[in-house]
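Me: I am new to reading protein models, and I would like to go through one slowly. Could you show me the features in turn?

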Amino acid sequence: MRNKADLVAVGGTARGPVGSRAEVRVGVRNDGPGALPAAVRVEFTVPRGTSVVSSPYEFERDEEVIDQACRALAPDGTPLTSASERQPRARRYRCAARAGSVGTTTTFPFTLRIDKGGHHSGGRVTVSDADTGRASHDTRTANDTAVVAVSVWPGPSWATPGHYVASAVVLAVLALLASLVVWRRNRSH
């Protein structure tokens with residue numbers, strides 16, 4: 001009996017103000033019902049209004065001249081460099097993933113710079129069989145594409161979600177200290 005797997009594209013959302021950098025993880029998930037021993041192709045198209053600052057790169061693979069997991073692509077779909085080199089910035093990338101057993105998710109981190117405000121479109125992840133000789137027999141092809149969205153908010157480029165969380169924590173601590181000072185004053189009178 002052939003293995004059947006439901007390959008699901010995994011997209012994400014880059015969030016931040018114009019000029020900021022945001023990580024987005026794209027990839028594939030195997031929703032079963034069977035395991036998938038063959039590799040899966042994950043194609044990532046970068047959303048308009050953003051540019052790639054960094055793409056997946058493993059120094060160890062470069063040292064051993066092993067192909068990198070992701071390759072930068074020219075507009076016609078041909079690779080921009082050899083598979084074992086650090087990949088340049090591009091508008092499209094192709095990554096090789098292992099979907100493996102049921103429930104396995106494989107993602108690749110890309111850091112995007114939000115270059116413009118407004119509506120950003122065109123970002124997507126598409127998954128397919130990398131080896132047609134060992135097909136996944138995908139049970140549902142409707143979920144083989146996912147959107148990579150961009151959520152832009154006003155503010156300086158350093159105002160990332162982490163800064164807002166840190167600011168909220170500092171404000172909460174200051175409020176707690178202020179209430180403690182007021183309580184001690186009221187108690188001493």
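Reply: Let us begin with the order of the elements, which from the N terminus on is β-β-β-β-β-α-β-β-β-β-β-α. Counted up, the secondary structure of the chain comes to 10 strands and 2 helices. Please keep in mind that this is a predicted model.

Me: What share of the 189 residues in the chain is buried?

Reply: A residue is called buried when its relative accessible area is under 20%, and in this chain 36% of the 189 residues fall into that group. As for the outside, the accessible surface of the chain comes to about 10900 Å², and carbon and sulfur atoms hold 56% of that surface.

Me: How should I read the contacts in the chain, and what percentage of those with a separation of 6 or more comes from residues 24 or more positions apart?

Reply: Among the contacts with a separation of 6 or more, 72% are between residues that stand 24 or more positions apart. For a single case, take threonine 45, which is found in strand E4. Leaving aside residues up to four places away in sequence, threonine 45 touches Arg91, Arg92, Gly122, Gly123 and Arg124.

Me: Is threonine 45 buried or exposed?

Reply: Buried means under 20% relative accessible area, and threonine 45 has 16% relative accessibility, so this residue counts as buried.

Me: Which cysteines form a disulfide here?

Reply: In general, a disulfide is a covalent bond between the sulfur atoms of two cysteines. The structure holds 1 disulfide, formed by cysteine 70 and cysteine 95, whose sulfur atoms are 2.0 Å apart. The pair links distant parts of the chain, since cysteine 70 belongs to strand E6 (residues 70-73) and cysteine 95 to strand E7 (residues 92-100), 25 residues apart. The torsion about the S-S bond is about 105°, and therefore the disulfide is right-handed. Cysteine 70 is buried, with a relative accessible area of 1%, and cysteine 95, at 2% relative accessibility, also counts as buried.

Me: How many aromatic pairs does the structure hold, and why is the pair of phenylalanine 44 and phenylalanine 110 called tilted?

Reply: There are 2 aromatic pairs in the structure. The ring centres of phenylalanine 44 and phenylalanine 110 lie 4.8 Å apart with their planes at 50°, so this pair is tilted. Because phenylalanine 44 lies in strand E4 (residues 36-45) and phenylalanine 110 in strand E8 (residues 105-114), the pair ties together parts that are 66 residues apart in sequence. Both phenylalanine 44 and phenylalanine 110 are buried. Finally, ring pairs link Phe44, Tyr93 and Phe110 into a cluster.

Note on methods: Residues numbered from 1 in each chain as written. Predicted model: local features only at pLDDT ≥ 70, side-chain atom pairs only at ≥ 80, totals over all residues. Heavy atoms only, no water. Phe/Tyr/Trp six-rings, centres within 6.5 Å; stacked < 30°, edge-to-face > 60°. Helix = DSSP H or I, 4+ residues; strand = E, 2+ residues; numbered from the N terminus. Buried < 20%, exposed > 50% of the residue type's maximum accessible area, 1.4 Å probe, protein only. Contact = heavy atoms within 4.5 Å. Areas by Shrake-Rupley, 256 points an atom, 1.4 Å probe, with all protein chains shown as cover. Disulfide = S-S within 2.5 Å.
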